[in-house]
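Reader: Hi! Could you pull up the model so we can go through it together?
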Amino acid sequence: MNDRDGRHTKFPHGLAHLGLDEVEREIAPDEPPPWGPNAELTQIGKSVPRWDAAAKVTGKARYTVDVELEGMLHAAVLRSPWPHAEVLDLDLGAAATAPGVRAVLALLDRPADKEAAELRYVGQPIAAVAADSLALAEEALRLIRVEYVPQAFVVDLEEAMGTHAPAVYASLAHEEIPSAGLPGRASGIPLRGNVRGADTQGSRGNIREGFAAAEVIVDRTYRTQVQTHSCMEPHAIVASWHEDGLEVWMSTQFTAGVRAQLAHEFQLPLARVSVRAQAVGGAFGSKSQLRLYGRAAVTLSRMTGKPVRLVHRRDEEQMDTGNRPSSKQNLRIGARRDGSLTAISLHAYGSAGIAFGAWAGNIASAMYSCPNVESLQYDVFTHASPGCPMRGPGNTQGAFALEQAVDELAENLAMDPLILRDRIDPSVVRREERRLGAARFGWSRRHLPGADAYPVKRGMGMAQSLWPANVQLNAACELQLWRDGRVEILSSVQDIGTGVGTVLRQVVAEELGLEPQQIQLRIGDTEFPSGPPSYGSRTTASITPPARSAAWQIKQALFRSLADRWQVEPEALAAHNGWIYLAQDHERRISWPDAAATLRTDRISAFASRSDDYAGFRSRSGDAAIALNDLGGVQFAEVEVDTETGVIRVVRVLAVHDCGRPLNPLQIESQIQGGILMGISYALLEERILDRHTGWMLNPNFVDYKLLGAADTPQLEVILLENYQGLSATDAYGVAEPANIATAAAVANAVYNAIGMRMETLPMTPAKVLDVLAQSSRRRP
Amino acid sequence: MEPFAWRPARTVAEVAEATHTAAAAMLTLQPRPSEGEAVVVKAGGVDLLDLMKEGLLLPRTLLDISLLEELKGISALEDGTLRIGALTTLGEIAASPLIRRRYAALAEAAGSAASPQIRNRATLGGNLLQRPRCWYLRSSAHHCLRKGGGHCFAFSGDHRYHAVLANHGCAIVHPSSLATPLLAFRAELEILSSGGRSHRLPLEDFFVLPEADLHRENILKSGELLAAVHLPPQASSRHSSYLEVSERAAFDWPLAAAAVNLQMDTEGRCQYARVALGAVAPIPWRAVQTEVLLEGEILDAGRVASAAKAGLQGATPLPHNTYKLPLAVALIRRAVLAAAQLADEEGGAH
C-alpha cells in the first residue's frame, strides 16, 4: 500500500544485517514516498568521496582567514595579563591617535552597581584596535593604558571548592555568564562560594534503599582534564558594515544562528544581515556563537565604515576560544550478584572556568537500567577562560567514569564486561554492536588483568556511547532546476568538514536519478534558506529530509511538465540514471536536460523545511527536538603498556556504530575515525595546563599542548549498522559525537586489562602510569 | 614579531669579523638591545624564529650563515676523527652511512628529533645552542631567573618536564637531544673566534650549570662561532645505542633519553663505558656511577640493572617529576643492554 496521497505508508524497519521488517507511519501529503533499504538504492549508502576534498588538498578552498576585502582593516585584541583584577581606568587615547589606527573599542563593561570593571581570567579581552595593518594594530595595543588592581584568584577546581577560596562571582544575579552546555542557567540552583549546585536532573527512585539492596558496590573518584578544541583554522571573522546592511564571513558552525544573533544585537532586520562560511577548518562545538570577538569586529566595522578582519593567534586560540570543562566525579554503583543494578550515585564537580555548564553528562543516569539514581552535578567557578560545548559535551567526561566503573563492577561480580552490559543495557542496538564487535575484535582472546609478561603488557577493553539523536526544526533548503538541466541545492547549512555537502548531493541525486557530481551545491551562505547548525550531531538528520522533499517536489513538477507533452499521467513517470521514462515502457524516455528544456520558465524552485519525525519526538524545545531513538556506539581498544617507561600505545580500535540509515559509509567511517583519534588524544595527551600562581596557560601552542600525531595512530576499523526506523524522508541521523564519547573509557579499560591497575585521571601520561604502578608495587607484600 | 634586517654572510671570515651576540646571552638584554648588540647569527632559524615570535629575542639584524659551505658536511679526517660541520642538518646526520655505522647513537638521536620537516632545516649547531624549553622561560609573561628576573616559577609551579639532577636555582633541562650521544662519544667542539682563530674544546666543558651561571647554557661568547663538532675515532669493537621516551611517538621533546657507548671484550667483559643522559639535568649529563659499575665487569642483566640505578645517584626530583627517575633508569638499562648486545631477559628489578 503505497498511496501517493495516503497518510499511512510502510517503511523498512530494523537492523539490516539481521533482516528487516516494516513499520507503518502516517505521513503528510508533501512527504516523499519511502525509500527501500540502501541495497535497493543507487546513490544512498554508497561511498562517495567528499565534494570539497580536492579543493582542500590543493589549497583552493577558501577559509574565512583567506577572505580579503578592499580597504579591509585588521583588528587586534588587548587581553588581561591577570587572572583576577579590577580595572580602575582604561585609557584608549594614545592608541586611538597612533599611526594607522582607525578605531579603538573598549570590550569591558563596568557593572552599574560597581566602581570598577572586573577581569576574571588571563586572556580576557579588554579592548580592540582596528588599524591599516595587523602590525600597526598590535603596535597600538601597547599604547593602551590600563590601571589594574590585581585580586586573589584560583584556577584549580579542587582548590576553588575550598571555603576560603577567592570567589569568582559574588552572586549570579546580575552577571552575564556564558554557558558551556547543560545544565545551563536553571534558576533556583544555589551558589555557595564557587560551587553552584546541585542540578539533580536524571535522579530517580530512592538511592539509600538502592544501596541497601546492593550486594556489590564499586566506588571511585575519577578526574578529567580541560581539553581545548584546537581548531586548525583559528576563530576568525571578517565583518563589513555598509549602508545596505551587514555582511559577515565567519569560521562558524552555524551561519543562520550567527545571523540571528547579529540581527538581534545590532537591531538589524534578519534580511539585511548575511553570514557566510565556505570552508571551515574545525569547530568541534567552539564556533557556534557570535561571541565577543565577533561583536567587536562588527562594531569596529560600523565605527570605521570599512571591513574589519579579526583572526585569533594560536596562543589566543588556545587560551580563549572555549574548551571542554574538567571534572571530578565521585561515582558509586551498587548491584546484585546477578548483575542487576540497584543504585547509581554520581557526584560530579566540573569547571568551565567562569562559565556555567561543566556537567558530566547524562550518561551515568541514562545508559543503564537502574531504578535508583542520584545525579548531583555541580559547577565550580574558577578564574579561567570560559568552557563551551565540545564533541559529546558532558558524556565524554562521564563515560570515562561510568564505563570504568561498570567494568570494575563486572570484575567484582566475576562476569565478562560484555555479559554484564547485556544484562543492564536496555538498548537492542548496542547489544548487537557488542555482539558484532566482540566477534570481530577477538574479545575471547582477552586475558586476565595484568596477565602478560613483563615489561610490555597488552590489554583489551571496551566502552559504550550514548547520545541523543538531535534534530533542528528550523532547517530548510531550496532546490532549483534550470531549463538547461542544472540542479542547484541552496541552504545556509555549512560544511565544516563533516561532509554534509556530499550527502546533500547524494540525496538529491538519488531522488532525481542523477549522479552526485551533477548537483551543484550552494551552501554556507545565509542568502539561502536557513540550514541547521553543525553541532549536536544533527546536521544530516536535519537537512537531508528537506533536501529530499524539495528534490521530490521538483521531480513532480518536471513530471507534470512532461506528462502534458506525452499525454500521460505524471505518476506514470520515473527518473533514473539520467533519464526520465515511462515506468511501463522503458523505451519511451528523455534525457534529463531535454526534459528540463520542456519547462515553461527558465527556472523552477522548490522549498522544504524539516518536518517532524513521523513517529513524533521524545521532546522539543524551540528550534530543536530530540528523536525517539538514541544514538549508540560501542568501541573496543587494544593497548600496549610499557610498564618501565609508562608509555601507553593504542594498537587498534574497533568501533561499531549506528546512525539510522547510513548515507555515505566512507564519510561516516572517516568521521568515526576522527572521533576515535580525538578520543585517544584526550585519553593520552591533551591537557590545558594553567599555572596555579599566575593563572597563565603554560602550553598555548602545539609544541607543549600535545595532539595525537600520525605516528601515534593505531589501526582503526569501523563497523556500521544500517538501523532503519522509518522516521523521516531519509531516516538518517548523526554520528560525530558518539564516535568520540566512548574512546577514552575504552582505552582506560584496556589499560586496566593490561596492568591490573585503574587509571582514574586523564590524560594517562607516562608519569601517571608510572605513579600508579609504583603505588601497586608498594602495596605488594 | 619585531621588524628586523636580514644580512646573508658570504664568507666565514665575514662572520668572524662581525660583531654579534650569542643567543645564549640574548635573553637578559632588556630592554631591546642596542644596534651593536642586536646582531644574531642565524643558521636553520628553527629556535631563533620561535624565540622571536615569543618576543623573547629582539634582534635588529639576523646574520644568516646558512649559505656557508665550509660549515657544512661530514668528513673523515686523517687521524680518524669525524668532523661534522655545524650547519649539517639533523636529517643529513641521521642519514649518513658513516655515522650510522660508527656512531649509531648519534644517528638515532638525530633521526628521532622533532619532525622530518624540521630535521631538514635544523642544524647540528642550532641543536646544541638552542634555548631551553621551560615554559616559564618561553612565556614573555613570566620574568624568570634565567631572563634576569627574581623568581623561578617552576619550583612552585608545574615542573613535570623539568630537571631531576643538578636542578638547584633553575630546573631547566638542556633541550639538545644530539648533545646526549655527543657526550657519550667524547665529542669536541671547533669554535671560531673573532679574527679567525679557532680552538677546540671538549663538549663536556661547553655547557654551564645554573649554579655557575643562571643566564646561559653554554660558554660560547659573543663574537664566537660554533663551526664544527669533532668525533674521536671509534673502534669497530665499540657499540653505541640511544633511547628516548616521549609522550607522543613523534614530534615531541623527550621526557628522558640515554646514550651509551660501550666496548666489550670477547668474554663479555665491559672494557669501556660512557653513559650520558638527556632531559634530566640542565646540561647533558654523564652517568658516571653507571660507567664505574660497568667498566671491567662481566655484564649480565642483573649487573646492568644495578649499574643503571646508580646513574641517577644524587638526584633531587621535584614533587611532580619523580617519575623521571624510574624512567631514566629503565632507559639506561635498556640502552646498555642494547649496546652490549645482550637480551633484555628479566626486565628490571621485579
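Author: Here it is; we can talk about chain B and then a sheet in chain A.
Author: This is a predicted model, where local features need pLDDT of at least 70, side-chain atom pairs count only at pLDDT 80 or more, and totals for chains, interfaces and linings use all residues. Residues are numbered from 1 along each chain as its sequence is written, chains are lettered from A and ligands numbered from 1 in the order in which they are written, and side-chain values use heavy atoms, leaving out hydrogens and water.

Reader: Thanks! How many helices and strands does chain B have?
Author: Chain B has 12 helices and 12 strands, taken as DSSP runs numbered from the N terminus (helices: H or I, at least four residues; strands: E, at least two).

Reader: And what is the radius of gyration of chain B?
Author: Chain B has 20 Å, which agrees with a compact globule of 350 residues, because that would come near 20 Å. The radius is taken over C-alpha atoms, and the rule is 2.2 Å times the number of residues to the power 0.38. Its C-alpha trace spans about 60 × 50 × 35 Å along the principal axes of chain B.

Reader: Switching to chain A: what is the strand order in that open sheet?
Author: The three strands run β2-β1-β35 in chain A, with antiparallel pairing; two strands pair if DSSP finds at least two bridges between them.

Reader: Which strands are at the edges?
Author: β2 (21–26) and β35 (723–724) of chain A, each pairing on one side only.

Reader: How many bridges join β1 to β35 in chain A?
Author: Two bridges join β1 (residues 8–15) of chain A to β35(A), and A:Gly14 stands opposite A:Tyr724 in β35(A).
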